[in-house]
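Biologist: Got a minute to walk me through this one? I'd like to get a feel for the fold.
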Amino acid sequence: MSAPTATGNLTSTPFCELLIYALSQGLSGSLVLECPDRTKHAVLFVAGVASKGRVNHAGTRLGQVLLQQGAVTAEALRAALESDSDELLGQRLFALGALDPGALARGLSEQLMRQLSWLSGAPPATAFAYYAGVDLLEDWGGEPLRVDPLAAIWRAIDAHAPRERVEAALAGLSDKILRLHPDSRVARFDFTSRMRGLLDVLKVKPQSRASLEATGLLERPVLHKLLYTLALTRHLDTGLPPLGVVPGSRSQVGPAVRPGQSQLGPAVRPGQSQVGAAVRPGQSQLGPAVRSGQSQIGAAVQEPAAPPSAASGNASPAAVSSAAASAASRVSAVRTQVAPVPASVARPAVTAPASERQEPAASRAVQPPPAAVAARPAAATARRVSSEALQTGRFLAREEIEARLAQVDQLTHYELLELPPDASQEQISQAFPTLARRWHPDRLSPEYGDLREAVTRVFARMTEANRVLGNPNSRKSYDQSLGNDSEGPSEQDQVAQVLRSAEAFQKAEILLKKKDLERAEELARLAHEGDPEQPEYAALYAFIRARRPDAKEADIAASLAMLKKAIGKQENNVKIHYYLACVLKASGQMGAALREYRHVAEHDPSNVDAAREIRLHEMRKGNSKQPTSQGEAGLFGKLFKR
């Protein structure tokens, strides 16, 4: 077996930070952990996402998880475990008719989450070794799962984040104004309703850490872990793209999906939750490089590596924590301290020479541009640029970039977009594309590579300004906060309204489950009217309106229009797609309804209602009379393919 690519222990790099590092680098390979009691565990990463685990802990066994979820009975589980079969446990239970695909999906997803959560609490002296590009769990259990990496990271941090790491990371945030990144998708962390309420406050107005603590919405330890999570994953705005999402889109990075939406292969084999002496014969050694208190990657690299470029987003596991600790300085200019990382791990696309990787960071400080560039006359930068320069962005002068960065936090949204406060919506819509052609980091001249970080930060601010001013409602709120509009509610009133709307929405969902449609509709209406920019609020209100016994065709048509508008704002929200499917069915549009039900079933196997609607439709058509029909065979093959 080849030597590990990276070794260390959980004292220097906690497991939750290893998950973040793997996601930031898009790692694919196997992580082997050995606890002080000599028990061994392994996790497979696919494109940065933990996708399979082998953990020596009884609480993470699939049978135990299914039993606790109420998905199977003790008798059925016992019968499956005692049966003389080489099939996986999920296959046995499925064959016995004791488990449906949706319950299996939820069980496997929860099992992996529990495994990662348990590993985050492993003893600090636990040693780890990472093997890049190697699947040590190929012969273990079923196919890799697809769970949301952000939900997995939060689960691990919430369970066992080291307190001293959290406090160290937040020390630099004490006197800074915190804001969510424009591309942040905080809903995917699977936070509680109270946490989402606090984040709604942060969306209304950027706040300091002390101000968030003063709201009393969360206990301080919980709030600190929440901020620690958002800081390390860059969902707090530092000028760099947040982890797990594609900048400027609603897409996510890697093969993961939202919480509870596990795409799965075969279930875990019976009796395979004990890890034994090795993952495979001869693969139990973690390598000679593991030393107590040391986190090193490879044996030859001893000197600190230079900070990576902001564009690459590369950072070592140790840097994940230091990045959060230095978040205060990164709010104005990102600077990340990096531990030794080989090109094979941290820089998969660019392999730097060994001599460069071993050179101390101090000796590799960012070099100034060539003298010819630095001494470029001001008159030259003021000339009309050529068409080639317009396409490449080379007309951005160093002085212009540095001047804008120095004042970017003090500029209003209008000033960022170079607009007057009374600009028309048409002027606003035209301003950002013009600026983007000049300020997008990818259009930066190559000789200004050392300024890419600064340009990225300025461009992120411009993107946020365009988002706020481009919407008349959010622009009105922003104008009021600036004092440009003396009428309307105060900022405190806006925060209070956001909280009331969030609370009304949560209560409406509970009442809907209890089938109390009248009270649920009233609360959903209050939530929607109080915060009309929230697509989920509008979708819930529209869904409940259409379900009323006295709902008329006009009500259903209005609900359909609201739901389609909500999907336009959150196209990847499976819950809204499910609401739309139900209302389409109520309106008699079965073809369109089935398309939505299939979309829901594909992206959320745990939604048994959508799967049932599809089965009922197929049964009516007579296409699923036999268990071996194409539909069921395809589903069985998808779930249990080897």
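Modeller: Sure, we can go through the sheet, the cores, a helix and a few single residues. Keep in mind that this is a predicted model.

Biologist: Let's start with the sheet. What is the strand order in the open sheet of five strands?
Modeller: The order is 1-5-2-3-4, and the pairing is antiparallel. Strand 1 (6-9) and strand 4 (49-54) sit at the edges, each pairing on one side only. From one strand to the next, the twist averages 20 degrees.

Biologist: And strand 2 with strand 3, how many bridges there?
Modeller: Six bridges, in the antiparallel sense, between residues 29-34 of strand 2 and residues 40-46 of strand 3. If you want a pair to look at, serine 30 stands opposite leucine 44 in strand 3.

Biologist: What's up with phi at arginine 38?
Modeller: Arginine 38 has a positive phi of about 75 degrees, although it is not a glycine. Most residues other than glycine have a negative phi. You'll find arginine 38 in the loop between strand 2 and strand 3.

Biologist: Is arginine 38 buried or exposed?
Modeller: Exposed, because its relative accessibility is 55% and the cut-off for exposed is over 50%.

Biologist: Which residue in the loop between strand 3 and strand 4 should I check?
Modeller: Try alanine 47, which is found in that loop. Alanine 47 also has a positive phi, about 50 degrees, without being a glycine. With 29% relative accessibility, alanine 47 counts as partly exposed.

Biologist: Switching to the inside. Which residues touch the most other members in the largest nonpolar core?
Modeller: Phe15, Phe191, Leu230 and Leu236 do, out of 73 residues in that core. Helix 1 (residues 15-25) gives the largest share, eight residues. There's also a second, separate core of 41 residues, which includes Tyr541, Ile567, Tyr578 and Ala592.

Biologist: Back to leucine 236, what is it in contact with?
Modeller: Leaving aside neighbours within four places in sequence, leucine 236 is in contact with Leu173, Leu178, Arg179, Leu180, His181, Leu202, Leu227, Leu230 and Ala231.

Biologist: OK, helices. Which residues of helix 7 are buried?
Modeller: Helix 7 covers residues 163-171, and the buried ones are Arg165, Val166, Ala169 and Leu170.

Biologist: Why do you say the buried residues of helix 7 line one face?
Modeller: Look down the axis of helix 7: its buried residues fall within an arc of 120 degrees, so they line one face of the helix. The face turned away from that buried side carries Arg163 and Glu164, both exposed.

Biologist: Now glutamate 509, where is that?
Modeller: Glutamate 509 is in helix 23, residues 491-513.

Biologist: Buried or exposed, that glutamate 509?
Modeller: Glutamate 509 is buried, because its relative accessible area is 18% and buried means under 20%. Apart from neighbours within four places in sequence, glutamate 509 is in contact with Leu540 and Lys575.

Biologist: Last topic, cysteines. How many disulfides does the count come to?
Modeller: Zero disulfides. A disulfide would be a covalent bond between the sulfur atoms of two cysteines.

Biologist: Then what about cysteine 16, buried or exposed?
Modeller: Cysteine 16 counts as buried, at 2% relative accessibility. Cysteine 35 is buried too, with a relative accessible area of 7%.

Methods: Residues are numbered from 1 along each chain as its sequence is written. This is a predicted model: local features need pLDDT of at least 70, side-chain atom pairs count only at pLDDT 80 or more; totals for chains, interfaces and linings use all residues. Side-chain values use heavy atoms; hydrogens and water are left out. A nonpolar core is a set of buried Ala, Val, Leu, Ile, Met, Phe, Trp, Tyr and Cys residues joined through side-chain atoms within 4.5 Å. Buried means under 20% relative accessible area, exposed over 50%, partly exposed in between (1.4 Å probe, protein chains only). Helices (H or I, at least four residues) and strands (E, at least two) are DSSP runs, numbered from the N terminus. Contact means heavy atoms within 4.5 Å. The arc is that of the directions from the helix axis to the C-beta atoms. A disulfide is a pair of cysteine sulfur atoms within 2.5 Å. Two strands pair if DSSP finds at least two bridges between them. Axes are lines fitted to C-alpha atoms, for helices over the stretch in contact, and angles run from 0 to 180 degrees between N-to-C directions.
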